[in-house]
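Dear colleague,

I am passing a structure on to you, and below it you will find my notes on what was found. Please read them with the model open beside you.

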Amino acid sequence: MSKIFLADAAATQKLGITLGQSLNAGNVILLQGDLGAGKTTLVQAIGEGLGITDPIVSPTFTLINEYMEGRLPLYHLDLYRLEPKQVAALNLETYWEGVEITPGIVAIEWAERMPYKPDSYLDVRLTYADEGTRQAEITPHNCTISEEIASIQM
């Protein structure tokens with residue numbers, strides 16, 4: 001597990017851009033953290049790192065936003081308004097298996113609502129720290145993180 005101190009929104013953006021530049025097709029990022037902890041900010045920066053120019057907005061009401069014009073597609077999901085039973089009905093595995101869609105990066109906000117998880121993923125937990133700062137804990141599950149991510153110092 002890597003713990004990364006995030007002094008401000010710019011540090012969160014730097015982390016996201018680095019993730020976007022170094023992740024590979026099929027990578028899944030499960031994002032957890034309180035409201036306002038920076039989950040959407042991080043996904044926006046991942047999109048920036050992928051070269052996506054469209055505005056990335058939280059898909060709280062649409063559930064899934066797809067951005068296809070970057071280095072890799074970005075699939076941004078927000079499960080905030082769903083119960084685990086509803087999440088199960090979404091067949092999310094089609095996103096990380098890349099069978100019916102172009103393989104890309106899958107970023108899922110409120111991932112703790114998922115009744116099942118992919119075989120491999122990055123668990124990213126954003127938490128508040130002192131004086132408005134935040135901390136990101138990145139834990140790889142059955143995958144590796146690149147040297148760029150492992151060596152991030154904010």
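**The sheet and what packs around it**

Strands β6 (121-128) and β7 (134-141) pair in the antiparallel sense over eight bridges, where strands (E, at least two residues) and helices (H or I, at least four) are DSSP runs numbered from the N terminus, and two strands count as paired if DSSP finds at least two bridges between them. Please keep in mind that this is a predicted model, in which local features need pLDDT of at least 70 and side-chain atom pairs count only at pLDDT 80 or more, while totals for chains, interfaces and linings use all residues. Residues are numbered from 1 along each chain as its sequence is written, and side-chain values use heavy atoms, with hydrogens and water left out.

Within the pairing of β6 and β7, Val124 stands opposite Ile138 in β7. The hairpin that these two strands make has five residues between them, and there Glu131 takes a positive phi near 50 degrees. On β6 there is also a pairing with β2, which is parallel and runs over five bridges, with Leu122 of β6 as the bridge partner of Ile29. On β7, five bridges make the join to β1, and those two strands run antiparallel; here Ala136 of β7 is the bridge partner of Ile4.

Taken as a whole, the sheet is open and has seven strands in the order β1-β7-β6-β2-β5-β4-β3, with mixed pairing. Because β1 and β3 (64-67) stand at the edges with a single partner strand each, one side of each is left without a neighbour in the sheet. From one strand to the next the twist averages 20 degrees, with axes taken as lines fitted to C-alpha atoms (for helices over the stretch in contact) and angles running from 0 to 180 degrees between N-to-C directions. Helix α1 packs on this sheet, touching β1, β6 and β7, and its direction makes about 140 degrees with that of β1.

As for the interior, the largest nonpolar core has 26 residues, of which Leu15, Leu19, Leu42 and Leu74 touch the most other members. Such a core is a set of buried Ala, Val, Leu, Ile, Met, Phe, Trp, Tyr and Cys residues joined through side-chain atoms within 4.5 Å, and buried means under 20% relative accessible area, exposed over 50% and partly exposed in between (1.4 Å probe, protein chains only). The helix α2 gives the most to this core, with four residues. Leaving aside neighbours within four places in sequence, Leu42 is in contact (heavy atoms within 4.5 Å) with Thr12, Leu15, Gly16, Leu19, Leu31, Val124 and Leu126. There is also a second, separate core of 16 residues, which includes Val28, Tyr75, Trp110 and Met114.

Finally, there are two salt bridges, each being a side-chain nitrogen of Lys or Arg within 4 Å of a carboxyl oxygen of Asp or Glu. In one of them Glu137 pairs with Lys3, the closest N and O atoms being 3.9 Å apart. Since Glu137 lies in strand β7 and Lys3 in strand β1, this pair ties together parts that are 134 residues apart in sequence. Glu137 counts as buried at 18% relative accessibility, whereas Lys3 is exposed at 55%. Asp123 forms a salt bridge with Arg125, again with the closest N and O atoms 3.9 Å apart; Asp123 is buried at 10%, and Arg125 is partly exposed at 34%.

With best regards
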